[in-house]
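Look over the sequence and the model below before reading on. The paragraphs that follow begin with the whole chain and then visit several places along it.

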Amino acid sequence: MEKFYWIKLKTDFFDDNCIDWLQDQKNGCEYIVLYLRLCLMTANTNGVLQRQVGEMIIPYEPRKIAEITHISIDTVLVAMELFKKIGLMCDRPDGTVALPSVPSMVGTESANKAAIRQRRHREKKRLEKETVKQVTGNVIDTVTESVTKCHGKRNASVTDCLTEIRDKRLENRDKSKENREEKVESRKKETGTSDDGLKDAVNAYRKNIYPMPGEMDLEKLKALVDDFGSDTVIKAIDRAVTRNKRSLAYIHGILKSWQAGGYDDENTALPQPTPRNSKKEAIDTVNRLMAEYKAKEGEEKDDNGSIDPASDWSFATGVQK
């Protein structure tokens, strides 16, 4: 199976005495670059400067090294002698040359994609753990500092501070739970809700609206019973069935309507609106007014003794007869 090789450099690589000495020499930077190139060339040969051609093992010669690294042959020859003097390179009995530090610098990885993904996953987990550890440490330091400043407990340990904070959080949580329970009980008393009432409402819903309600519908129905009372919810269910609107949303709308305008009984006859005046009614009204006016005028003329009410139409035409 194919493998990938690489070399690992320590962060203090350039602070090493040998590397620092090389850097001080003339062409020192080229020597260091050449050394790193040789480390890479020998990563998969355990630090030995050799290559395999067919079944033959051939040592790297200075000329070939200069050709591969693009560094002049003179610089390669001088650098290799310096490497041997300071221990970065050594001759082997078989005539080859080796770099003794390379085996400890080499890392390998299988070319298999699964192995690559596994390595990346491990690296990600490692970084996440370091991040969590750092954040947790910062939080603990901040909490400890805050508690010390607030309470003046300069001698208090981190454990004591965190224990005190935890106890207060538990106490507040218990109080909040008690308050919620009291509110629920108070609302049940106001609306007349009980466990039996809730069961009756659920049974009515299953019988008339939906036989197998889900958990969400049951929770909504329970909330309606808590808010409006079981009896009112059952009436709203009956009203929805009467109107053939079998949905929880419609039932909720009925309850909101009753809450705003009061309960309305559909069996009670609603007052009929007064119809608009028709043409005939208008004519009758005019005739009635005319008769009243003529009667009034006749009384006045009888008093004067000069005009016959039955023959005087001046009030209607404006012309004396």
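Threonine 42 is a convenient place to start. Leaving aside neighbours within four places in sequence, threonine 42 is in contact with Gly47, Val48, Leu49 and Val102. The model shown here is a predicted one, and the contacts and areas given below are computed from it.

The chain as a whole comes next. The protein chain has 13 helices and six strands. Of its 321 residues, 23% are buried. The chain exposes about 23,600 Å², and carbon and sulfur atoms supply 51% of that area. How do the contacts spread along the sequence? Counting contacts between residues at least 6 apart in sequence, 56% join residues at least 24 apart.

The walk along the chain can begin with helix 1, which covers residues 17-24 and holds glutamine 23. Is glutamine 23 buried, partly exposed or exposed? Its relative accessibility is 39%, so glutamine 23 counts as partly exposed; the buried class ends under 20% and the exposed class starts over 50%. Not counting residues up to four places away in sequence, glutamine 23 touches Gly28 and Ile32. Gly28 and Ile32 are both listed among the buried residues of helix 2.

Helix 2 can be checked by its length. With 14 residues at 1.5 Å a residue, helix 2 should span 20 Å, and because its end C-alpha atoms are 20 Å apart, the model agrees with that expectation. The expected span is 1.5 Å times one less than the number of residues. Which residues of helix 2 are buried? They are Gly28, Tyr31, Ile32, Leu34, Tyr35, Leu38, Cys39 and Met41.

After helix 2 (28-41) comes a loop that leads to strand 2 (50-53), and threonine 42 has its place in this loop. The relative accessibility of threonine 42 is 0%, so threonine 42 counts as buried. Its contacts, named at the start, include Gly47, Val48 and Leu49, along with Val102. Asparagine 46 is also in the loop between helix 2 and strand 2. In contrast to threonine 42, asparagine 46 is exposed, because its relative accessible area is 55% and the exposed class covers values over 50%. The backbone at asparagine 46 deserves a look as well: its phi is positive, about 60 degrees, although the residue is not a glycine.

Helix 3, residues 62-69, contains alanine 66. A relative accessibility of 11% means that alanine 66 counts as buried. What does alanine 66 touch, not counting residues up to four places away in sequence? The residues are Ile71, Ser72, Ile73 and Val76. Leucine 77 is eleven residues from alanine 66 along the chain, and the C-alpha atoms of the two are separated by 9.1 Å.

Further along are helix 9 and helix 10. Two packed helices are described by the angle between their axes and the distance between the axes. Helix 9 (residues 215-228) and helix 10 (residues 230-242) pack at an angle of about 120 degrees, with 7 Å between their axes. Helix 9 is therefore oblique to helix 10, since 65 to 115 degrees is the range for roughly perpendicular and over 145 degrees the range for roughly antiparallel. On the helix 9 side, Leu221, Leu224, Val225 and Phe228 take part in the contact, and they meet Ser230, Thr232 and Val233 of helix 10. The residues of this contact divide into five nonpolar, two polar and no charged.

Helix 10 also holds alanine 240. Alanine 240 has a relative accessible area of 0%, so it is buried. Leaving out residues up to four places away in sequence, alanine 240 touches Lys245, Arg246, Tyr250, Ile251 and Ile254. One of these, isoleucine 251, is eleven residues from alanine 240 along the chain, and the C-alpha atoms of the pair are separated by 6.2 Å.

The loop between helix 10 and helix 11 (248-261) is where asparagine 244 is placed. Is asparagine 244 buried or exposed? Its relative accessible area is 56%, so asparagine 244 is exposed. Asparagine 244 has a positive phi of about 60 degrees although it is not a glycine.

How values were computed: Residues are numbered from 1 along each chain as its sequence is written. This is a predicted model: local features need pLDDT of at least 70, side-chain atom pairs count only at pLDDT 80 or more; totals for chains, interfaces and linings use all residues. Side-chain values use heavy atoms; hydrogens and water are left out. Axes are lines fitted to C-alpha atoms, for helices over the stretch in contact, and angles run from 0 to 180 degrees between N-to-C directions. Helices (H or I, at least four residues) and strands (E, at least two) are DSSP runs, numbered from the N terminus. Angles under 35 degrees count as roughly parallel, over 145 as roughly antiparallel, 65 to 115 as roughly perpendicular and the rest as oblique. Contact means heavy atoms within 4.5 Å. Ala, Val, Leu, Ile, Met, Phe, Trp, Tyr, Cys and Pro count as nonpolar, Asp, Glu, Lys and Arg as charged, and the others, Gly among them, as polar. Buried means under 20% relative accessible area, exposed over 50%, partly exposed in between (1.4 Å probe, protein chains only). Accessible areas come from the Shrake-Rupley method with a 1.4 Å probe; for residues, only the protein chains shown count as cover.
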